[in-house]
Amino acid sequence: MKLQRMNRRALALGALAVSGALALTACGSDDTGTSSGGSSAAAKPGSIKCDDAQGQLLADGSSAQKNAIDAWVKQFTAACQGTQINYKGGGSGAGVTAFTQGQVAFAGSDSALKPDEVTASKKVCTGGQGIDLPMVGGPIAVGVNVNGVDNLVLDASTLAKIFNNEITNWNDPAIAKLNPDAKLPDLKIQAFHRSDDSGTTDNFTKYLMATAKKDWPYDGGKTWQAKGGQSASGSSGVAQQVKQTNGAIGYFELSYAKDGLKTVDLDTGAAQPVKATVENATKAISEAKVVGTGKDLALELNYGTKAEGAYPMVLVTYEIVCDKGNKAETLPATKAFLRYIASEEGQKILAEADYAPIPADIISQVRTTIEGLS
C-alpha cells in the first residue's frame with residue numbers, strides 16, 4: 001500500500017509537470033510551455049467515477065487548455081484504465097470544425113459556438129445540438145521587454161494605440177504619464193501579434209473593444225485585424241519574439257511569462273493597477289454572466305470591471321459537446337471525463353497549475369448539465 005501511495009503521488013506530480021505552459025497556451029497552435037511544480041490535488045483512490053467508460057475518446061480544440069487536459073487525462077486514465085483519451089489541441093477553430101463534422105466526442109474552444117456552428121452541430125447531435133460548458137479560465141498577459149524598465153503600467157487606451165500603431169515609441173507622453181517614475185528610453189516599440197487564428201487574439205481584442213472602442217475601431221474575432229506590427233505563430237512564438245527583442249511588447253497567456261519575461265500591470269480605473277495573476281483573473285471571471293439558452297452555458301465576461309484586484313483581460317475555454325444525440329460508444333467516457341474535470345478535485349488541479357478555476361455558481365450548473373447529457 002505504501003508503494004501504491006508513492007506511485008499515485010508520483011503520478012500527481014507528473015500530471016502537472018506536463019510539457020506545456022504553466023497556464024493557458026495559445027489557441028490556434030500546438031504550442032506548449034513548461035509547467036512548474038506539482039499538485040497536491042491528485043484524485044483520491046476511487047473518487048473518479050468511471051461508470052462504463054471504455055475505449056478511445058477523440059477530442060480536439062483549444063490549445064489554451066492543453067496542459068489542463070494533459071493533467072486531467074493522466075489522473076482519469078490512471079483510474080479508468082479501460083479508457084484512452086486523445087486530445088489533439090490543434091486550436092479552437094480546428095476543434096469546432098472537427099466537432100461539427102462528427103470527428104470528435106467533444107471539442108475545446110476559447111469562444112462560444114456561433115449560431116451557424118450550432119446549426120452545423122445539429123447534423124451530428126441527433127435530436128440535439130452542441131452546447132458550451134465553461135471549464136477553464138485564465139489571464140491573458142501583456143509581456144514587455146524594455147531594457148532598464150522593470151515595472152510598467154498601461155491602460156486599455158494606451159494598449160489599443162500601441163497595437164494599432166498609433167503609439168510607436170516607448171517615451172511617448174501617454175506611456176510616461178502612466179509611469180512617472182520609470183526611465184522610459186527613446187526606443188521604437190516592436191508590437192507582436194498572433195499570425196494564426198487564435199482565441200487568445202479574440203479575447204484580447206474583445207477587451208480592447210469593450211474598454212477602448214474609440215482607439216480600437218475593429219470588430220474583433222480570431223483573426224488579427226489591425227495594421228502594422230509584427231506577427232508570430234502561437235503564443236510561444238509571440239513570447240519568444242518579445243523575450244529576444246529589446247522594445248518588444250506582445251500578448252499571450254500568463255503561462256508564457258517566464259524566464260524573466262515581464263508583464264504589464266493594467267490601469268483599469270481601480271485604486272491600484274492590477275497585476276496579471278490567476279487570483280486576479282478569477283475575481284474578474286466571477287463577474288461573468290451565463291447568456292446561453294437552454295443547456296448552453298456560454299458566458300458574457302465583464303471586460304470593463306473596475307473592481308479592486310480584478311484583472312479583466314481574461315479568457316474562458318469551453319468544452320463543446322452534444323446535449324443529446326451523443327454516440328453510444330463514446331457517451332459513457334465523455335460523461336465520466338467531463339464529470340471529473342468539472343469536479344472539485346478537477347478544478348483544484350487548475351488552481352495549482354496557474355489556471356483560473358470556474359466560479360462555484362457557474363461550475364455547479366456545468367455539473368448538472370453534464371449529468372443530463374444523452
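Of the contacts in the protein chain between residues at least 6 apart in sequence, what percentage join residues at least 24 apart? The figure is 75%, with contact taken as heavy atoms within 4.5 Å. The structure is a predicted model, in which local features need pLDDT of at least 70 and side-chain atom pairs count only at pLDDT 80 or more, while totals for chains, interfaces and linings use all residues. Residues are numbered from 1 along each chain as its sequence is written, and side-chain values use heavy atoms, leaving out hydrogens and water.

On the whole-chain level, there are 12 helices and 13 strands; these are DSSP runs numbered from the N terminus, with helices (H or I) of at least four residues and strands (E) of at least two. Buried residues account for 56% of the 374 residues, where buried means under 20% relative accessible area, exposed means over 50%, and partly exposed lies in between (1.4 Å probe, protein chains only). The accessible surface adds up to about 15,200 Å², and carbon and sulfur atoms own 48% of that. Those areas come from the Shrake-Rupley method with a 1.4 Å probe; for residues, only the protein chains shown count as cover.

Helix H9 (residues 278-285) comes next. Val 278, Asn 280, Ala 281, Ala 284 and Ile 285 are its buried residues. They span an arc of only 160° around the axis, so they sit on the same side of H9; the arc is that of the directions from the helix axis to the C-beta atoms. As background, an α-helix has 3.6 residues a turn, so residues three or four places apart point the same way. The packing partners of the buried H9 residues are strand E4 (130-145) and strand E13 (314-322). Lys 283 also belongs to H9, but is partly exposed at a relative accessible area of 42%. Neighbours within four places in sequence aside, Lys 283 touches Glu 308, Gly 309 and Ala 310. The C-alpha atoms of Lys 283 and Ala 310 are 5.0 Å apart, although 27 residues separate the two along the chain.

Further along, helix H10 (residues 331-342) meets helix H11 (residues 344-352), their axes coming within 4 Å and crossing at roughly 60°. Axes here are lines fitted to C-alpha atoms, for helices over the stretch in contact, with angles running from 0 to 180 degrees between N-to-C directions. The pair is therefore oblique, given that angles under 35 degrees count as roughly parallel, over 145 as roughly antiparallel, 65 to 115 as roughly perpendicular and the rest as oblique. On the H10 side, Tyr 340, Ile 341 and Ala 342 make the contact, facing Glu 344, Glu 345, Gly 346, Gln 347 and Ile 349 of H11. Within H11, the buried residues include Glu 345, Gly 346, Gln 347, Ile 349 and Leu 350. Just after H11 comes Asp 354, with a positive phi near 70°.

Most residues other than glycine have a negative phi. Asp 51, not a glycine, has a positive phi of about 50° and lies in the loop between helix H1 (2-16) and strand E1 (55-61). At 48% relative accessibility, Asp 51 is partly exposed. Asn 165 likewise has a positive phi, near 65°, in the loop between helix H5 (156-163) and helix H6 (173-178), and is partly exposed at 47%.
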